[in-house]
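Hi everyone, thanks for making time. Let me put the structure up on the screen, and then I'll walk you through it.

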Amino acid sequence: MTEINEASPEYQQYVLRVAEQNAVKGIIEEPRIYFDTITLGDPYLEVNCHPGTFQNGEQFPVRITHITMALARLNDEDEEVDPLLLQKVGLRLKYHDQFYMNEYSDNPFAGSRKLFTTIPAWAQRPTASAPSISEATSVFAHRPFILSARDAMRVDVRLDEADSDDVFTVAVGMNGIGALSRRPYFLHGSIYVADTTKQTLSPANFKNDGSEPIIVTNTTISCGAEISSADPTGNIARITGVGFKQIGNGTGRSWVVGPTTDPLIMSDLAPAISLGNLTGRAVVHRLPGDGLLWAPGDGIQAFVQNQDPSGDLDGAKVNIALLGYIAVT
Amino acid sequence: MRPNVDPKDATSAGVWFEPRSLWCVKNVILDDYAIGEGGSFGPTLTIPLQRNAFRNGTRFPFQVQRIAISAVGYPLARPDVLGMQAADNAAGPANLNGTCALARVTFQVSSPFRQQWSRTVVSGNGLAPLPTYTPNVPAADSGKSSLFGLNSLMFDRPLIIPRNGAVEWSMSSLQGMRWAAGAGGTVSAFNLPSTDLPMTMSYLEKGGLFCGSARSSRVNLRTNQSPIAPVPGDDSGFPYALPPGFVPMVGGSGNVPFWDPTSTFDASSFRTKNATKAGSTNIYGMTLAIDQTAFDTGVLAQFTDGVVAPVSQRIGTRVRVVGGPATDYWWRPGAPAALVFDTITPAAVFQLDEPITLEPGDSLDVSLAVPAASSFVDGGVTVSQATAASYQFGVSFNGFAAITG
């Protein structure tokens, strides 16, 4: 195949070599997640993202490699939304007056209404994991970053619904290898979460206690079922926010950048379903070639469109995320 | 057939690559075959597929990368066992009346006078298939076909379209169906839903300020409500025969041709979508998103215990480049979308460890074997097995052609 496959061993080896070379050259690369949760409007209405959300606000270049799209579990009245309805949502990105994937589809049947390219048509590769865990897990294959000796990760999570009667297990794992020993490392922590409050997993779970730096290559987030439920099937869409920040080296800044103008959204916590670019339940589009390079201040705009005239999507929310990495030189 | 030559070596020599597929859909009706000695088929019936379907009839070498196999024409993936029991007597067991019957088929591939791809028959689910499907649907949507309704084909080699070139891509209509078993079953006769299904056809491109773009067309997948009954037992491809218990839709009013012009992303639309690009276009894949959620709901209202199959296993496709060095269709028109769009697909797809190249005129021999007798004797022991009155499967060999001159 012509595009990069993050799951391939060859690619994993390649990025590990890049990470090691970066360490020698003094280049810091760190994952970045730009996300927005956009409420759909009336049928066929084009709705903008929050202003300034998809913008590089840092002093160094950012490369965007993936776009992920998924419906939020709850609509604006806290009612559950059928995830299959994502097939009736369109998306368009705009960058310096260029559109991606295009401005409008040809649409000979809907009269004068112009439609964005529907979201499932953006997917290029299968991202399904085993059915037993597929609904509960997202795997984020990111640019490797160096977790230096005695560094730790701050990992925050929150749910999308406040109900003190329901308790869920949220688990986060990070995989990597030792920069010197080449041994595998698996940093893992979990926490019980019951409401929409931001909660922090114990940093002890994500601390590099060893004597060597760890090159972390991917991160897994999962949400189990309500702990007293007889049905053990979890739902990753329940985690409306997950955030990461390296304590010690690195940029020291949150990986997650979201809208700051919406009181319902925490700008440093991205929906966990949006991080599933390797496996998960989001539609994943890998940008061609090396992706999109954002200089400081650069950015794009996203527009979504409700393409369901039946009204089932009224008030539903779409999570759009751009995944990539920053390079600090 | 010869060992693979790395096509990257040819890139600088001006070689043009286009996706290609050789395919065949075979409808097997056991009654059409003569019973052998002893008054029985034996455990299985082996049927050779048309050799012409797997012959490279072009002037260019065709490199096979993958094999896809799928049941074709079934509206259900896993049948409604209770609702379809009526077919037990009339048309075979209900549990083989869906795309899941693929698990009962075996196939064998060889090249005439040369070698076999496998020395023994290969089970339809016996090889290690690639992960090719979308995530499972949640429990609340149990029985629906798919989370995203998507098929995609990412090209093995980029397709370079010249400045004035274009691609022409047509999708067939759906054949209207009616569940006719009625008597004895728990589900009365009914027409399957025939409302138009929204369908988005997209080409993915590289290049430009935004590192890529796409040309997409949103059309409706239409159902032919007055179809002519296809010829059973024919393996010419389309319209695909109907599975046991189903007949052409009755009482419908819309007579839609197999190649409905409104389901075509034609060359002029292709050019219109990107009129400003100065040079050639690098296309790296195509996606086909079919929103069949309304169809699924309609089918499940009747077959409450069933699982609906993606309609990409029931519709044909054809694609060709216009204004390029080769204007052949990429595959014989009518190939089921699930067989040729094989990156995301409900078909089972196997990657060849080492690609094989079919030179012009080369062909492959492909045979399918299906369970034939309801019982057979093995070592003095009588073994019973389920068998149906008919089966329908498709096989495709997918890769690309290297075009010169």
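I'll start with the place where the chains meet and then turn to a sheet in chain B.

Please keep in mind that this is a predicted model.

So, how many residues of chain A are in contact with chain B? There are 51 of them, and they are in contact with 55 residues of chain B. Between the two chains, about 4,200 Å² of area is buried, and carbon and sulfur atoms give 60% of that.

Now for the polar side of the story. Counting residue pairs in polar contact, with both residues at pLDDT 80 or more, we get 15 between chain A and chain B. The salt bridge count between these chains is one. You can find it where the side chain of A:K88 meets that of B:D291, at 2.7 Å from N to O.

Which parts of chain A supply this side? At least two residues each come from β4 (89–95), β5 (98–100), β6 (117–118), α2 (131–134) and β15 (283–286) of chain A. Sorted by class, the side of chain A that touches chain B holds 25 nonpolar, 17 polar and nine charged residues.

Let's move over to chain B. Here we have an open sheet of four strands, ordered β16-β8-β19-β20, and the pairing is antiparallel. At the edges stand β16 (264–265) and β20 (335–336) of chain B, each with a single partner strand, so one side of each has no neighbour in the sheet.

Strands β8 (residues 166–171) and β19 (residues 316–322) of chain B run antiparallel and are joined by six bridges. If you'd like one pair to look at, B:W169 has B:V319 in β19(B) as its bridge partner.

Technical notes
Residues numbered from 1 in each chain as written. Chains lettered and ligands numbered in written order. Predicted model: local features only at pLDDT ≥ 70, side-chain atom pairs only at ≥ 80, totals over all residues. Heavy atoms only, no water. Contact = heavy atoms within 4.5 Å. Buried area = accessible area lost by both parts, 1.4 Å probe. Salt bridge = Lys/Arg side-chain N within 4 Å of Asp/Glu carboxyl O. Polar contact = N/O pair within 3.5 Å; in protein donor to acceptor, adjacent residues only side chain to side chain. Nonpolar A, V, L, I, M, F, W, Y, C, P; charged D, E, K, R; others polar. Pairing = 2+ DSSP bridges.
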